[in-house]
Amino acid sequence: MTYAGLESKVAIVTGGTGGIGSAVVERLSKAGAKLVIVDLDADRAKAAADALDGDAIGVGADVSTEAGVDAYMEAAIQTYGSADLHHLNAGIAGKPGVQLTDAAVDEWDAVMGVNLRGPFLGTRAALRHFIATGTTGSIVLTASIASLRGAADLLAYTTSKHGVIGLVHGAAVYAGPIGVRVNGVAPGIVPTPIFGEAGMQDMRKRASTSPLRRAGEADEVATAVAFLLSDDASYITGAVLSVDGGASVQNTNRYGGGAGLWDTAPVDADLFAAFGKE
């Protein structure tokens with residue numbers, strides 16, 4: 001299915017060579033959009049663009065910096081003359097298994113830089129372009145199931161993704177009067193290389209207790225992103241669409257919820273030992 005209003009539009013996808021980003025790039029390209037694929041690694045971004053049948057360029061940019069965001073916006077405008085659709089998707093997970101008391105400030109700042117400052121800078125740049133040119137478009141930010149629930153590890157990632165929802169809401173209120181829509185997509189357990197092979201295996205195991213009893217696929221997220229970017233979502237703004245197999249609505253403490261029947265002892269062992277508890 002091809003959604004309305006994607007053909008011939010210029011679409012910027014940050015993190016465009018990753019698992020979800022690649023799927024979004026492929027989906028939008030097949031719909032006839034012109035792609036600006038953004039990645040920290042310029043060679044990888046250009047290779048991804050060259051691999052597409054449709055019109056595309058690859059841009060190397062650090063999305064956590066103003067200079068990086070300026071670079072990909074300038075490339076889009078110089079090459080195609082506009083920047084209509086924005087999927088601000090780039091993200092990093094941080095080190096797995098690190099508890100709050102062991103969290104390092106430099107890692108916290110790095111995760112916040114990519115996951116939260118990056119979407120802020122990208123949203124700001126997109127809106128400045130729309131205002132300067134008198135045009136309108138659509139913006140989709142990648143949130144996460146971690147935007148909706150807490151966890152003891154990946155604290156910086158979880159906090160940054162909570163912040164993304166605040167950005168979606170605030171930007172949608174600001175941009176609505178000029179006809180620009182801002183939405184978010186919240187993937188659930190979708191194993192991608194960002195989490196490493198061990199992490200992906202763990203995610204597949206956890207996903208087996210979600211309502212759909214399986215992990216998601218990047219293509220399933222890409223379909224949701226394409227819809228939100230398209231004219232078929234013309235009266236949707238400020239929304240965060242969960243693509244998570246129902247995991248975010250599930251009560252994990254009840255048997256009827258399909259999860260929660262797990263042994264707390266090994267999870268709590270290190271924390272209890274630090275407090276001198278058995």
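**View 1. Cavities inside the predicted model.** This predicted model contains 2 cavities of 30 Å³ or more. Let us visit each of them in turn.

**View 2. The largest cavity and the residues around it.** The largest cavity has a volume of about 130 Å³. Its lining is made of 15 residues, and those closest to the centre are Val98, Ala103, Glu107, Leu155 and Ala156. Two helices, H4 (105–133) and H5 (155–175), each provide at least two residues of this lining. If you sort the lining of the largest cavity by class, you will find 11 nonpolar, 2 polar and 2 charged residues.

**View 3. The second largest cavity.** Here the volume is about 40 Å³. Look for Thr14, Val63, Tyr72, Leu88, Asn89, Ala90, Val114, Gly118 and Pro119, which line the second largest cavity. Helix H4 appears again: it gives the most to this lining, with 3 residues. The classes here are 6 nonpolar and 3 polar, with no charged residues.

**View 4. Helix H4 from end to end.** We have met H4 at the largest cavity and at the second largest cavity, and now we can follow its own path. H4 has 29 residues, and from its first C-alpha to its last it reaches 40 Å, close to the 42 Å expected at 1.5 Å a residue. As you trace the helix, pause at Gly113, where H4 bends by about 40 degrees. Just after H4 comes Gly134, which takes a positive phi of about 70 degrees. A handy rule to keep in mind while you look: an α-helix has 3.6 residues a turn, so residues three or four places apart point the same way.

**View 5. The open sheet of 7 strands.** Reading across the sheet, the strand order is S3-S2-S1-S4-S5-S6-S7, and the pairing is parallel. At the edges stand S3 (56–60) and S7 (240–243); each has a single partner strand, so one side of each is left without a neighbour in the sheet. From one strand to the next, the twist averages 15 degrees.

**View 6. Strands S4 and S5 side by side.** Which way do S4 and S5 run, parallel or antiparallel? Strand S4 (residues 85–88) and strand S5 (residues 138–142) run parallel, and 4 bridges join them. To find one of these pairings yourself, start at His87: its bridge partner in S5 is Val140. In general, strands of a sheet pair through backbone hydrogen bonds.

Definitions and conventions
Residues numbered from 1 in each chain as written. Predicted model: local features only at pLDDT ≥ 70, side-chain atom pairs only at ≥ 80, totals over all residues. Heavy atoms only, no water. 1 Å grid on protein atoms, 1.4 Å probe; cavity = no way out; pocket = protein on both sides within 12 Å on 5 of 7 lines; lining within 4 Å. Points joined across faces, edges and corners; volume = space filled by probe spheres on them. Nonpolar A, V, L, I, M, F, W, Y, C, P; charged D, E, K, R; others polar. Expected span 1.5 Å × (residues − 1). Bend = angle between axes of the 7 residues up to and from the residue. Pairing = 2+ DSSP bridges. Axes fitted to C-alpha atoms, helices over the stretch in contact; angles between N-to-C directions.
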